[in-house]
Amino acid sequence: MEIDIQEMLFQFLGGLGIFLYGIKQMGDGLQASAGDRLREILDRFTTNPLMGVLAGVLVTVLIQSSSGTTVITVGLVSAGFMTLRQAIGVIMGANIGTTITAFIIGIDIGEYSLPILAFGSMLIFFFTSKKLNNIGRIVFGFGSLFYGLELMSGGMKPLQQLDSFRELTLNMASSPILGVFVGTVFTMVIQSSSATIGILQGLFAEGLLELDAALPVLFGDNIGTTITAVLASIGASVAARRAAATHVLFNIIGTVIFLIILPLYTAFISYLQQLMGLNPEMTIAFAHGTFNVTNTFIQLPFVAVLAMIVTKLIPGEDSFIEYKPKHLDPIFIEQSSSIALSQAKEEVVRMGDYAIKAMEETHQYLKTKHQKHASTAEQLEEAIDNLDQKITDYLVKVGSKQMSAAESERHSTLLDAVRDIERIGDHAENVCELVEYQQANKVLISDQASADLDEMFKLTIETVSKSIRSLDSNDMDLARQVVEQEELIDKMERKLRKQHILRLNDGKCTGQAGMVFVDIISNLERMGDHAVNIAEAVLGIRDL
């Protein structure tokens, strides 16, 4: 029989595309239905490695991507939300959670995929309810997943006619390491272990692969999926790189263990298939689930050892932005409002320091256009937003207790300061976005305008810094300097606007460049306004 290579390739690639799109739609729909609280789930439920495993399973089921869960975890470690040991538990759980897709595929309902797609589409297009739309995305993704598999299976059928493919499968059966290599490379290319497991299920179902050849490919799929986390950790903190390395190490160790016991493992899966009457797809799903669950149970007691190994492999000091509050102990709320307010002030000052660092990173981004400064500024803004929420919640609880008049005044001042600092962070983020716009649209700002922005940025950073220091030490002189410097910022903003109009009239500046320039100085002027709010609060009270 003559094989139409083009038809086979088009059918396979088209099916793969629909399959990947289906997984994404399912994940997006599940995530939207559950609420976008993934960071909170991971932050709250990772008190020990076992809880981390459960959190990893839950989040991976929600987003239908172990790589996605691992990337989030790498980000949380980099941000200081999570320790390396906690992250290892989440990564193990992510490997278990990703097996759910294989079990879904094992439910052989491919012939009903088109009606499922139609039903999902109706929920998406004919209803205005967000809840029904999200359910529609889940159903549509479910149908796409099976329709994509049907197309891929149809595309792969002619492979059994190829002598070279038959030879490859025989080699994989006799040389498991080759199978591991094939699975690893294929998953690295596609960057989805769910997709490669789905393809493996299709090959096994069509009789194109024997079980002893399919299982090593499955091990390789688990190694290959780590590439996404490795890519996400490039340029990240030492702790983030260690988390990504743990993901790789965990799967490699598991693969080595299972290669050693491969004959026993193959016999066990064959026994399960016969005992439970599993179809070929479900057989691979059980093999995948057994591998990841067993691997987790074997390595979970050695989390500390894994952490030690990756620490040796990737030396260096952990440098990260600590998102969590350090001083907000609830016990002080009950014991002493005065002490609780002092603790809150320490956290507000820390939040203010983050705002200053965010401004400095934004300034560097404006000058150098290096993406690392934008990434750091973005992390700082996330930390500021998190501290804003935690400090405000703490102060609200303090406010519910009986306080003296002086304490009430301190309480109000701190609440106002938190809001002002959070807005400073927002304006720094706005400037980052303007610089990104400048780069994306190749907007050129004149040397004179750049020098003006540099001068105004330095003055604004100095002013904000003095306002935070005046709040910290209740320094009236510093607070007065802030008020004076804020007036200079206002004058500079008006002067630079006029100079910009002159440049525009002389044809020395484009409309796009002018928009970026004016928006940046407007954001800097507003940062100065928030700094003076803090300083005026310091000047208004003596006992902060």
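Let me start with Y323, which sits in the loop that runs between α17, residues 303–313, and α18, residues 331–335. This is a predicted model, so please hear everything I say as a description of that prediction. Is Y323 buried or exposed? Its relative accessible area is 2%, and because the cut-off for calling a residue buried is anything under 20%, Y323 counts as buried. Y323 also has a partner from elsewhere in the sequence, since the C-alpha atoms of Y323 and L380 are 8.4 Å apart in space, while 57 residues separate the two along the chain.

Let me step back to the whole chain. The protein chain is built with 24 helices and zero strands, and of its 544 residues, 51% count as buried. If we take the contacts in the chain with a separation of 6 or more, 81% of them are between residues 24 or more positions apart. The accessible surface comes to about 24,600 Å², and carbon and sulfur atoms account for 59% of that surface.

Now to the interior. In soluble globular proteins, nonpolar side chains tend to be buried together. In this model, the largest nonpolar core holds 67 residues, and the ones with the most contacts inside it are V348, I391 and I520. Which helices each supply at least two residues of this core? They are α19 (337–368), α20 (371–399), α21 (405–440), α22 (447–473), α23 (476–505) and α24 (511–540), and the largest share, 13 residues, comes from α19. If you look at I391 in particular, and leave aside residues up to four places away in sequence, you will find that I391 touches L328, E347, V348, M351 and V418. Apart from that core lies another one, of 41 residues, and its members include I23, A195, I223 and L272.

I would next like to show you one pair of helices. Two packed helices are described by the angle between their axes and the distance between the axes. For α5, residues 84–97, and α16, residues 280–299, the angle is about 160 degrees and the axes are 8 Å apart, which means that α5 is roughly antiparallel to α16. The crossing of α5 past α16 is left-handed. As for the residues that meet there, M92, N95 and I96 come from α5, and on the side of α16 they face N292, V293, T296 and Q299.

Still among the helices, Y147 lies in α8, residues 130–156. Unlike a residue that is buried or exposed outright, Y147 counts as partly exposed, because its relative accessibility is 28% and that category covers values between the 20% and 50% cut-offs. Y147 touches I18, S113, L114 and L117, again not counting residues up to four places away in sequence. For one of these, L114, the C-alpha atom is separated from that of Y147 by 6.9 Å, with their positions 33 residues apart along the chain.

Finally, two loop residues deserve a look at their backbone. K442, in the loop between α21 and α22, has a positive phi of about 55 degrees although it is not a glycine, and K442 is exposed, with a relative accessible area of 72%. N474, in the loop between α22 and α23, likewise has a positive phi of about 55 degrees without being a glycine.

Methods: Residues numbered from 1 in each chain as written. Predicted model: local features only at pLDDT ≥ 70, side-chain atom pairs only at ≥ 80, totals over all residues. Heavy atoms only, no water. Helix = DSSP H or I, 4+ residues; strand = E, 2+ residues; numbered from the N terminus. Buried < 20%, exposed > 50% of the residue type's maximum accessible area, 1.4 Å probe, protein only. Core = buried A, V, L, I, M, F, W, Y, C linked by side-chain atoms within 4.5 Å. Contact = heavy atoms within 4.5 Å. Areas by Shrake-Rupley, 256 points an atom, 1.4 Å probe, with all protein chains shown as cover. Axes fitted to C-alpha atoms, helices over the stretch in contact; angles between N-to-C directions. Parallel < 35°, antiparallel > 145°, perpendicular 65-115°, else oblique. Left-handed = near helix turned anticlockwise from the far one by under 90°.
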